[in-house]
Amino acid sequence: FQSAWLVGARHTVDAAVPVPGTLTQPALLGGAGGAPLLWTGDRWLQWSPWTGAFVASSVLDGAPAALAGAACSPDPGLALWLDPAAGHLAALRFDTRNAFSPLASALLVDEASDVAPDSLPGPGAVSFDSATGLALAGGAGAFVTDRTFADFSLRAVAPTGRPPDLVLRDESGAEHVLPASCCPGLAGVGAGARTIDVERRGATVTCAVDGGTAGPCAAGLDAAARVQLGVRSSPSAPAVLVRDLVVSRVAPP
């Protein structure tokens, strides 16, 4: 077994599940969906953000590769390397998602392939179940993978009435957190499922609950900033559930 470490989006470094077997000629290649690809020297493995481990790749078969030292990933889901035996440049496209890719009509319903935790999923901290939704506790968060957004609208359902914080992470890595308190009508806890609507236009962000009047959220965003979208639980509050997440672009990408 070989040690594996995850550097999180908030600059945390955590020990992940060790990589089984030997690493004779490892090459790590950036992948979409928070799932980089690892060539160990004799097999392909892919990072599973929901289990915090490298597992057998679901998109590649066991066919051996001939990766030389010059391996790179110019964009997520594209691998390039020199094949010394054949004397040419080899390319492997294993994912096509990017910052402007469309999203499914609703996320966190049947599966969570376009959402991933932004840190190692510790026991009880973050999980997804199609029957209940995304569960977050202890400050854990999960982000829509790959895509970035200018102006957008977002709708999510909090099945227990206890909402998550919405996190807008700009291109510098700075996070702008919209606490649930900025949404009028979210004072009650355990009042049944609530629908939360958030809209961003330039530097202005508004929030409404159950179709009510929208109120402003002081996001502190630059009007031109593109952002990643995530949900997070408060470190000091009980766990939250999120499902039926719908994100739409309200202007050209």
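**Group meeting: strands, salt bridges and two loop residues**

Hi everyone, let me begin with a pair of side chains: Asp210 and Arg194 form a salt bridge, and their closest N and O atoms are 2.8 Å apart. Asp210 sits in the loop between strand 18 (204-209) and strand 19 (215-217), while Arg194 belongs to strand 17, so this pair ties together parts 16 residues apart in sequence. By salt bridge I mean a side-chain nitrogen of Lys or Arg within 4 Å of a carboxyl oxygen of Asp or Glu. Strands here are DSSP runs of E with at least two residues, numbered from the N terminus.

A quick word on where this comes from. This is a predicted model, in which local features need pLDDT of at least 70 and side-chain atom pairs count only at pLDDT 80 or more, while totals for chains, interfaces and linings use all residues. Residues are numbered from 1 along each chain as its sequence is written, and side-chain values use heavy atoms, with hydrogens and water left out.

Back to our pair: is Arg194 buried or exposed? Arg194 is buried, because its relative accessible area is 13%. Asp210 has 44% relative accessibility and therefore counts as partly exposed. The cut-offs are under 20% relative accessible area for buried, over 50% for exposed, and partly exposed in between, with a 1.4 Å probe and protein chains only.

Just before Arg194 we meet Ala193, in the loop between strand 16 and strand 17 (194-201). Ala193 counts as exposed because its relative accessibility is 52%. Which residues does Ala193 touch, if we skip those up to four places away in sequence? They are Val157, Ala158, Pro159, Gly161 and Asp210, where contact means heavy atoms within 4.5 Å. So Asp210 turns up again, as a contact of Ala193 and as the salt-bridge partner of Arg194. Phe143, by comparison, is 50 residues from Ala193 in sequence and 22 Å away in space, C-alpha to C-alpha.

How many salt bridges does the structure hold? The count is 14. Another of them joins Arg155 and Asp197, with 2.6 Å between the closest N and O atoms. That pair links distant parts of the chain, with Arg155 in strand 14, Asp197 in strand 17, and the two positions 42 residues apart. Arg155 counts as partly exposed because its relative accessibility is 42%.

Then there is Glu199 with Arg201, whose side chains meet in a salt bridge at 3.0 Å, N to O. Glu199 is partly exposed, at a relative accessible area of 29%, and Arg201 is partly exposed too, at 46%. Elsewhere, Asp95, Arg97, Asp114 and Arg147 are joined into one network by salt bridges that share partners.

Arg155 also takes us into strand pairing. Strand 14 (residues 152-158) runs antiparallel to strand 21, and five bridges join them; Arg155 stands opposite Val246 there. Strand 21 (residues 240-249) also pairs with strand 12 (residues 133-136), antiparallel over three bridges, and Ala135 faces Leu241 across that pairing. Two strands count as paired if DSSP finds at least two bridges between them.

Now for the sheets. One is an open sheet of five strands in the order 10-13-20-15-16, with antiparallel pairing. Strand 10 (115-117) and strand 16 (175-178) stand at its edges with a single partner each, so one side of each has no neighbour in the sheet. The twist averages 30° from one strand to the next. Those angles run from 0 to 180 degrees between N-to-C directions, with axes fitted to C-alpha atoms. At one end of that order, strand 15 (residues 165-170) and strand 16 run antiparallel and are joined by four bridges, with Arg169 opposite Glu175.

The other is an open sheet of three strands, 7-8-9, again antiparallel. Its edges are strand 7 (71-75) and strand 9 (88-93), each with a single partner strand, so one side of each is left free of a neighbour in the sheet. Here the twist averages 25°. Strand 8 (residues 78-83) pairs with strand 9 over six bridges, and Leu82 has Leu89 as its bridge partner.

Last stop: Gly31, in the loop between strand 3 (27-29) and strand 4 (37-39). Gly31 counts as buried because its relative accessibility is 15%. Beyond four places in sequence, its contacts are Pro36, Pro76, Gly77 and Phe94. Asp75 is 44 residues from Gly31 in sequence, yet the C-alpha atoms are 7.8 Å apart. Thanks, everyone!
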